[in-house]
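Me: I would like a close look at a single part of this model, namely the protein surface beside one of the nucleic acid strands, with some context around it. Please take your time and keep the account connected.

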Protein chains: 4
Amino acid sequence: MPNDADSEKHQRIIDAAVRVFARKGYYSSRVADIAKESGVAVGTIYLYFKTKEEILVTLFHEKMAGFVASLGGVLSQEPDPPAKLRRLVRRHFEVLESDPELAEVIQVELRQGNKFFRGASAREVGSYFDLIGSVLSEGVESGDFRKDLPIKVATKVLFGAMDQMTTSWVLGQRTYKLRDTADAVADVFLAGIARA
Amino acid sequence: MPNDADSEKHQRIIDAAVRVFARKGYYSSRVADIAKESGVAVGTIYLYFKTKEEILVTLFHEKMAGFVASLGGVLSQEPDPPAKLRRLVRRHFEVLESDPELAEVIQVELRQGNKFFRGASAREVGSYFDLIGSVLSEGVESGDFRKDLPIKVATKVLFGAMDQMTTSWVLGQRTYKLRDTADAVADVFLAGIARA
Amino acid sequence: MPNDADSEKHQRIIDAAVRVFARKGYYSSRVADIAKESGVAVGTIYLYFKTKEEILVTLFHEKMAGFVASLGGVLSQEPDPPAKLRRLVRRHFEVLESDPELAEVIQVELRQGNKFFRGASAREVGSYFDLIGSVLSEGVESGDFRKDLPIKVATKVLFGAMDQMTTSWVLGQRTYKLRDTADAVADVFLAGIARA
Amino acid sequence: MPNDADSEKHQRIIDAAVRVFARKGYYSSRVADIAKESGVAVGTIYLYFKTKEEILVTLFHEKMAGFVASLGGVLSQEPDPPAKLRRLVRRHFEVLESDPELAEVIQVELRQGNKFFRGASAREVGSYFDLIGSVLSEGVESGDFRKDLPIKVATKVLFGAMDQMTTSWVLGQRTYKLRDTADAVADVFLAGIARA
DNA sequence: CATGAATGAGCCTTCATTCAT
DNA sequence: GATGAATGAAGGCTCATTCAT
C-alpha cells in the first residue's frame with residue numbers, strides 16, 4: 001500500500017491505455033484490452049480508476065500537464081520573444097515527436113466526444129494558451145511584435161498551426177521529422193507569407 | 001416513390017443525424033435517436049444506409065463536398081491572391097457559422113476514431129488543401145507572396161489556424177461572430193506577427 | 001380475378017418457395033427471397049398467404065398430397081402384395097428423384113420445428129402410413145406375409161427405411177440413382193437379412 | 001475457478017439448451033431462455049459458447065458422441081452378430097427412451113437446416129453407421145447373414161427403421177414403451193416380412 | 001490488494017407484415 | 001389485384017462494471 005506501489009500500477013495502466021487508445025481509439029478500446037496491455041487484471045483497473053472514462057480523463061490531465069510543463073521550462077532560457085516563440089514551436093514538435101503514441105492519442109483520439117478542449121482538458125489547454133499568449137504579450141511590449149496584434153486570435157492561429165502540422169504528421173505515418181518543420185512554421189507565423 | 005421521395009428521406013435522415021451527432025456525439029448517438037429526430041422508423045434508416053457508420057461517412061462526404069465546392073466558386077471573383085486568400089478565410093467562417101450544427105459535427109465529432117482526415121474524408125479534405133495550395137502558388141508566381149514560401153507548410157498553417165478558430169468558437173458557445181475574426185486571421189497569416 | 005389467375009400466382013409462389021426453402025432452409029429464407037424467385041412483389045404474397053408459415057404448410061399439404069396420390073394410383077395395377085410393395089418403394093424413390101428440390105425440402109427442411117409429422121402434415125403422412133399398412137394387411141391376408149406381422153411396426157420400419165435412403169441420397173449430393181436401390185431395399189424388407 | 005466450475009457451467013448450459021430446444025425448437029428458442037433455464041446470465045453463456053449455433057453444435061457433438069459410445073460398449077458382450085444386432089436395436093431405444101428431451105432434440109429439432117447429418121454431426125452419425133455396418137459385415141462373414149447382403153443399404157434401412165420408430169414415439173407423446181418394440185423391429189429386419 | 005468469472009442493460013440490425021398508392 | 005416503401009418489435013451479442021474468493 002505504499003504510494004510507490006500505487007503509482008506504479010497507476011502508471012502502468014495509464015501507459016497501457018495510451019498505447020491501446022492510440023491503436024484502436026477510445027470507443028473501440030476495451031477495458032480488457034487495457035488490462036491485458038498493462039499486465040493487470042480487469043478488476044485491478046477499477047481499484048485505480050472509477051470508470052473507463054476516468055482513465056481517459058486522467059491520462060489526458062497528466063500527459064497534457066506534463067506537456068505544458070515541459071514547454072514552459074525552457075522558454076525562460078531564450079533571450080527575446082521571437083526566440084522564445086521559435087523555441088516553443090520546436091519544443092511542441094519535439095515533445096510530440098518523441099512520444100508518437102501520445103501524439104496519436106492527443107491529435108486524433110482525444111478529440112472524441114468534446115473531450116479535448118471542452119471538459120476534462122480545458123484547464124491544461126487553457127494554460128497552454130496562456131503560455132503562448134504571454135509570449136505574444138511580452139513581444140508586443142518589447143516592440144518585437146506589432147502593437148496592434150490581436151493576441152487571442154494570434155494565439156489560436158499559432159496553436160492551430162502547430163496542431164495541424166502534428167495531425168498531418170501523425171496521419172501521414174510520420175514519414176518525416178516533425179521538428180524539421182518548426183522553423184518554417186515559425187517563419188510563417190512571425191513574418192507572414194507576403195513578400196517583404 | 002422514386003428519386004424525389006428517396007432523396008427527401010435520405011436528406012431528412014442526414015440532417016437529423018447532423019443534429020443528433022452534434023448533440024450527443026457519434027458513439028453516444030443511437031440509431032433510434034436519429035430515427036426519432038428524422039421522423040422515420042428505425043427500419044427505414046436501413047433502407048437508405050447500410051450501417052450506422054455509413055450515415056456518418058455519407059454525411060461527411062456530402063457536407064464536406066458541399067463545403068469545399070461552395071468555397072471554390074467565389075475565389076475566381078477576386079482580383080489577386082491576397083484578396084482570394086482573405087475571401088477564402090471569410091468564406092470558411094461564413095459557411096460554418098451559417099450551419100452551427102454542421103460546424104459542431106465537423107469540428108468536434110467527426111474527428112473521432114481517425115474518421116476525419118484519415119479514411120472517408122481524405123478526398124474532400126485533400127481537395128480543400130489543394131485549393132488553398134493553389135492560391136498560395138498563384139501568389140508566389142504573381143509575386144504577391146514570397147518566393148521561398150514553403151507552400152505545404154503554409155497550407156497546413158492556414159488550415160490549422162482557421163480550424164482552431166472555428167473549434168474555439170464552437171466550444172465557446174458561439175458568443176461572438178466568427179466571421180468578424182476573418183480579417184485578423186488573414187492579417188496574421190499574410191503579414192505575420194512581427195513588427196513591420 | 002378468375003380462379004386461373006389466382007391459381008397461377010399461387011402456384012408460382014409455392015414453386016418458388018420450394019426452391020428457396022431447398023436452397024436456404026425455411027428459417028433462413030426471407031419472404032423477400034420468395035417474392036424475387038417467384039417474380040411477384042412481397043405484398044402480393046400476402047394476398048395469397050396469410051403468413052410465411054402458411055406458405056410452408058400449404059406447400060407441404062399440396063406436395064405431400066400429390067406425392068401420396070401419385071403413389072396410390074399405381075399400386076392397383078400390381079398383381080399381389082409383394083409386387084405392390086416393390087412398386088411402392090420404387091415409386092417413392094422415383095417421385096422424389098424426379099423433383100430433387102421437393103426431396104430436399106421434404107427430407108431436410110420440412111422436419112423443422114415439429115412441422116413434419118406433427119402438425120400440418122399429420123394427415124398426409126398418416127394417409128401414406130395407411131397406404132403402406134393396407135398393403136401389408138392385404139399381404140397377411142393373402143398369405144404372402146407372415147401371420148404374426150406387427151403391421152404398425154413394419155409400416156414404420158419401411159417408411160423409415162425409404163426415408164433414410166432418400167435422406168442419404170439427398171445429403172450425398174445425389175451422386176447415384178436413387179431408384180436403383182429400390183430392389184435392395186425391398187429385398188431386405190421382404191426377406192430380411194438373415195441367411196435363408 | 002478451474003475446470004470443475006467450467007465444466008459445471010458448460011454442462012448446465014448444454015442441459016438447459018436441450019430442454020429449451022426440445023420445448024420450443026432451435027430457431028424459436030432465445031438465448032435468454034437458455035440463460036434463464038440454466039440459471040446463469042446471458043453474458044455467461046457467451047463465456048462458454050461463441051454463438052447460439054455453437055451451443056447447438058456442441059450439444060449435438062457431445063450427446064451424439066455419448067450416444068454412439070454407449071452403444072458400442074455393450075455389443076462385444078453378445079455372442080454372435082444376430083444377438084449383437086438385437087442388442088443394438090434395444091440399446092438405441094433404451095438410450096433415447098431414458099432421455100426423452102434429448103430424444104426430442106435429436107429426432108425433431110436437430111434435423112433443422114441441414115444441421116443433422118450434414119455438417120456438424122457428420123462424424124458422429126458416420127461412426128454410428130460404421131458401427132452398424134461392422135455388425136452386418138461380421139454377420140456375413142460368420143454366415144449368419146446372407147452372403148449377398150448389400151451392407152450399405154441394409155445399414156441405412158436399419159438406421160432409418162430405428163430412427164422412424166423413435167420419431168413416431170416422440171411425436172406420439174411417448175404413450176408406450178419404446179424398448180418394447182425392439183424385438184419386433186429386429187425381427188422384421190432379420191427375418192423380413194414374408195412368410196417363412 | 002488482486003483477480004477474472006459473472007452479470008445484464010443496452011444497441012444495432014433484421015425481416016415479417018402492413019398499407020397507401 | 002399488385003406493388004414495395006415503411007414499419008417497429010424482437011433478438012443475438014457486447015462489454016463496462018461488480019464482487020466473491
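Reply: What follows describes that surface, then a residue from one of its helices, and then the domains of one chain. The model is predicted, and the values below should be read with that in mind.

Around DNA strand F there are 34 residues, of which B:G43, B:T44, C:A41, C:G43 and D:G43 come nearest. The elements that each give two or more residues to this surface are, in chain A, α2 (31-38) and α3 (42-48), in chain B as in chain C, α1 (3-24) and α3 (42-48), and in chain D, α2 (31-38) and α3. By class, the surface near DNA strand F divides into 19 nonpolar, 8 polar and 7 charged residues.

Helix α3 of chain D, which spans residues 42-48, also holds D:L47. This leucine counts as partly exposed because it has 13 C-beta neighbours inside 10 Å, where 12 or fewer would make a residue exposed and 20 or more would make it buried. Between the C-alpha atoms of D:L47 and D:L75, which lie 28 residues apart along the chain, the separation is 39 Å.

As for the domains, the assignment for chain A gives domain 1 (1-49) and domain 2 (53-191), and the contact between them takes 12 residues from domain 1 and 12 residues from domain 2. On the side of domain 1 that touches domain 2, helix α1 (residues 3-24) of chain A gives the most, with 7 residues, and that side of domain 1 is made up of 10 nonpolar, 1 polar and 1 charged residues.

How values were computed: Residues numbered from 1 in each chain as written. Chains lettered and ligands numbered in written order. Predicted model: local features only at pLDDT ≥ 70, side-chain atom pairs only at ≥ 80, totals over all residues. Helix = DSSP H or I, 4+ residues; strand = E, 2+ residues; numbered from the N terminus. Near = placed C-beta within 6 Å. Nonpolar A, V, L, I, M, F, W, Y, C, P; charged D, E, K, R; others polar. Domains from an automatic or database assignment. Contact = placed C-beta atoms within 7 Å.
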